[in-house]
Amino acid sequence: MKLFFAGASPFARKVMAVAYETGVANRLTLVPTTVTPVAKDKLIAPYNPAGKIPTLVTEAGEAIYDSRVICEYLDVLAGGGRMFPTGEGRWKALVLQSLCDEALDSCLAARYETMLRPENLRWQDWINGHMGKVRQALDTLENDWVPYLNSNVNIGTITACSLLGYLDLRFPDEDWRSARPAIAVWHKAYSQRPAMAKTVPVV
Ligand SMILES: N[C@@H](CCC(=O)N[C@@H](CS)C(=O)NCC(=O)O)C(=O)O
């Protein structure tokens, strides 16, 4: 299987972490690429009209995207039910994934506004609005999710770790730890898992 990915992408990190957790990483051939909304990779477009990474091409040549779908596909390939709990437990894991995916979408929206948009067109209210959503998600993690984070390993916790790792990489001045000591402790410990240690984001 071919995975279009980037070493700094938190969404690609989710996929690689699931691949390591479930033991299918050796079935992936990684195709490094750099994409932004204004610089597409023409190799990805035939598979994913959005042109985003991660995009997976299966052994049968089928395209699978986005990260949520790829992660679940890999979990099923490995037998199912490991990173995506079945039964009642499924919903908590998926909601945690969505909480953190939404925050990541806002991180990217703020980053593109800062890094990509020509300086005279940048809109500070847009950046503030998106970073406000990120901070709200972090507060929700700190206030509501710590017992869950401390006692589960699944797609939700992988996504939470990817979010916090991405903040450290791209928003080093965002002091997310000071007011949120419990998720800071969790993140430090969870980052030691081989699946997370092997996928630390790099530029
Ligand atoms: N919902 C998608 C989001 C993927 C995403 O935004 N990836 C970024 C890189 S981290 C990207 O491809 N950006 C290029 C673009 O927006 O065109 C997922 O979960 O895979």
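Two strands are taken to pair if DSSP finds at least two bridges between them. On this basis, the predicted model contains an open sheet of four strands, arranged in the order 2-1-3-4 with mixed pairing. The edges of the sheet are formed by strand 2 (29-32) and strand 4 (63-64), each of which pairs on one side only.

At one edge, strand 4 pairs with strand 3 (residues 55-57) in the antiparallel sense, over two bridges. Within this pairing, Val57 stands opposite Ala63 of strand 4. Strand 3 also pairs with strand 1, again in the antiparallel sense and over three bridges; here Thr55 of strand 3 stands opposite Phe4.

The pairing of strand 1 (residues 2-5) with strand 2 is parallel and comprises four bridges. Phe5 has Pro32 of strand 2 as its bridge partner. The connection between these two strands passes through helix 1 (residues 10-22), and the resulting β-α-β crossover is right-handed. In a regular strand, side chains alternate between the two faces of the sheet.

Two cis peptide bonds are described in the loops that connect these elements. One joins Ile53 to Pro54, with omega near 5°, and Pro54 belongs to the loop between strand 2 and strand 3. Another joins Tyr65 and Asp66, with omega of about 5°. Asp66 is situated in the loop that leads from strand 4 to helix 2.

Asp66 also takes part in the surroundings of the ligand, being listed with Ser9, Phe11, Lys52 and Ser67 as the closest of the 14 residues that surround the ligand. Helix 2 (67-77) and helix 3 (89-115) each contribute at least two residues to this shell. In terms of residue class, the shell consists of six nonpolar, four polar and four charged residues.

A further feature of the model concerns the packing of helices. Two packed helices are described by the angle between their axes and the distance between the axes. For helix 4 (residues 124-151) and helix 6 (residues 181-190), the axes come within 9 Å and cross at roughly 35°. The crossing of helix 4 and helix 6 is left-handed. On the side of helix 4, the contact is made by Leu141, Glu142, Val146, Leu149 and Asn150, while helix 6 supplies Ala182, Ile183 and Trp186. The residues of this contact comprise six nonpolar, one polar and one charged.

Taken together, the model presents an open sheet of four strands with mixed pairing, a right-handed crossover from strand 1 through helix 1 to strand 2, and a left-handed crossing of helix 4 and helix 6. The ligand is surrounded by 14 residues, with helix 2 and helix 3 each supplying at least two residues of the shell.

Conventions
Residues are numbered from 1 along each chain as its sequence is written. This is a predicted model: local features need pLDDT of at least 70, side-chain atom pairs count only at pLDDT 80 or more; totals for chains, interfaces and linings use all residues. A residue is near a molecule or strand if its C-beta atom, placed from the backbone, lies within 6 Å of it. Ala, Val, Leu, Ile, Met, Phe, Trp, Tyr, Cys and Pro count as nonpolar, Asp, Glu, Lys and Arg as charged, and the others, Gly among them, as polar. Axes are lines fitted to C-alpha atoms, for helices over the stretch in contact, and angles run from 0 to 180 degrees between N-to-C directions. A crossing is left-handed if the near helix is turned anticlockwise from the far one by less than a right angle, and right-handed if clockwise. Two residues are in contact if their C-beta atoms, placed from the backbone, lie within 7 Å. A crossover is right-handed if, with the strands pointing away from the viewer, the path from the first strand over the helix to the second runs clockwise.
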